[in-house]
Each structure stands twice: as C-alpha cells, then as structure tokens.
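Visitor: I'm new here, so could you walk me through this one with a few questions?
Guide: Sure, let's have a look at it together.

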Amino acid sequence: MICRKQLHLYPGSGPCKPCKRAACAAYYRKNVGIILPRILAREQTTEGRIRKADYVSRRREIPRVRIRQLALGARRRANQKNLKFSDVIIDSFSANPPMMCACCRRKLDYSMRRGRNCGASPSFDRVDNSSGYIVSNVQVICWRCNSIKKDATLTELKGLVRYMQEYTQ
C-alpha cells in the first residue's frame, strides 16, 4: 500500500510512520504556545514529577525499549570509535528481544535497579572486538558475562578456568 500522500510504502491502515511523525511535528509547531506551558506546569508540581519518573522507570523495563536504548548507546560508541554500525540491529533485536543470555543461558533481567545494571541485565557483546556493531558480530549477553569477557583473551580465560578447577576441588 502507499500512504495518503503517495510518498511511502507501508503495511497496514492509517498513515505511515514518516507521515505520522510529520503530522505530529506540524501540530506541535502550530500549538507550541498551548502545549509547552502545560508540560512545564505539570513538571513543576510534585505529583507531575513523580508521575513522569514512574512512567520513565516503567517504560525502561519493557524489553524492546531497553534493547533500543542499548542499541542507541552502541551506535554512539561506534561513532566515537569509528566502527561500523548496522541499523538492522535495532530492528532485529527490538522485534524479538532475547530472554536468555547467549553466553551462560541465564534469564535476562530487563528491569533497572535504581538506575543501574545488575548481573543479569542485558548488554551488547561484539564477538570480534575489532569489527563493528553488525548483525553477525553482535550478541545479547548478560552484563556479568560481558564484564568478565571485556578485555580478557582466550588464553587468560582458559587460565582462569584451570585455576578455579584446581582450587575448588
């Protein structure tokens, strides 16, 4: 199907995303004098601030929203380090967020505890750190596994396993 303005292909009924965004932006520009004072007045009250903080914290715990935040952070890091970043990552992981760590098979915890990651929080792992954030190089693993793996080589990890096996028996 083609959107109402005959500009974009889209699946479904109603306006496509680009047309909807443009309509929302035009409405905001037209009514900014009414909308902005309402938002500011609401945020100045204690109830308004509590409501907003509650909304933000609840929204952050939705797996697809959390994965999108991780992907946007990965995009920022890729730009800083001049690495490749594929936008397909955002769509593929957001559409079906993994529930288990790809490394240790632990259940991922998408909630934010006091705004911080816990050991079971999801994180993006580049399998090959010399390569960028592309679909074939990125896995979602728990924060604990990623922090252990962060800058260790395979020989260092094997040595750690050998040490732990030797002294825990």
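Visitor: Which helix does S94 lie in?
Guide: Keep in mind that this is a predicted model. The fourth helix covers residues 88–95, and S94 belongs to that stretch. So the element you want, running from the N terminus by number, is helix α4.

Visitor: Is S94 buried or exposed?
Guide: The cut-off for buried is under 20% relative accessible area. S94 has a value of 16%. That falls under the cut-off, so S94 is buried.

Visitor: What does S94 touch, leaving out residues up to four places away in sequence?
Guide: Close by in sequence there is a polar partner too: a polar atom of the S94 side chain lies 2.7 Å from the backbone oxygen of I90. Leaving out such sequence neighbours, the residues touched by S94 are R64, I67, R68 and I89.

Visitor: S94 also shows up in the lining of the second largest pocket. Which element gives the most residues to that lining?
Guide: The pocket has a volume of about 290 Å³, and its lining includes K17, R59, R64, R68 and I90 along with S94. Elements that give two or more residues to it are α1 (17–44), α3 and α4. With 5 residues, the top contributor is α3.

Visitor: How many residues of that second lining are charged?
Guide: Nonpolar residues number 4 in the lining of the second largest pocket, and polar ones 2. R21 and D91 are among the residues that line it, and both Arg and Asp count as charged. The number of charged residues is 6.

Visitor: On to the largest pocket: which element gives the most to its lining?
Guide: About 430 Å³ of space lies in this pocket. Of its 19 lining residues, the closest to the centre are R77, S123, F124, W143 and N146. At least two lining residues each come from α3 (63–81), β1 (122–126) and α5 (143–149). The one that gives the most, with 6 residues, is α3.

Visitor: And how many residues in the lining of the largest pocket are nonpolar?
Guide: Polar residues number 7 there, and charged ones also come to 7. F124 and W143 are among the residues closest to the centre, and Phe and Trp both count as nonpolar. The nonpolar residues in this lining number 5.

Visitor: Let's try the loops. Where is N82 found, and is it buried or exposed?
Guide: N82 is found in the loop between α3 and α4. Its phi is near 55°, a positive value in a residue other than glycine. Exposed means over 50% relative accessible area, and N82 has 71%, so N82 is exposed.

Visitor: What is phi of R105 near?
Guide: R105 has its place in the loop between α4 and β1. At 57% relative accessibility, it counts as exposed. Its phi is positive although the residue is not glycine, and the value is near 65°.

Visitor: Stepping back, how many helices and strands does the protein have?
Guide: Read along the sequence, the pattern is α-α-α-α-β-β-α-α. Counting by type gives 6 helices and 2 strands.

Visitor: What share of the protein's residues count as buried?
Guide: The protein exposes about 12,600 Å², with carbon and sulfur atoms supplying 55% of that area. Among its 169 residues, the buried share is 25%.

Conventions:
Residues numbered from 1 in each chain as written. Predicted model: local features only at pLDDT ≥ 70, side-chain atom pairs only at ≥ 80, totals over all residues. Heavy atoms only, no water. 1 Å grid on protein atoms, 1.4 Å probe; cavity = no way out; pocket = protein on both sides within 12 Å on 5 of 7 lines; lining within 4 Å. Points joined across faces, edges and corners; volume = space filled by probe spheres on them. Helix = DSSP H or I, 4+ residues; strand = E, 2+ residues; numbered from the N terminus. Buried < 20%, exposed > 50% of the residue type's maximum accessible area, 1.4 Å probe, protein only. Areas by Shrake-Rupley, 256 points an atom, 1.4 Å probe, with all protein chains shown as cover. Polar contact = N/O pair within 3.5 Å; in protein donor to acceptor, adjacent residues only side chain to side chain. Contact = heavy atoms within 4.5 Å.
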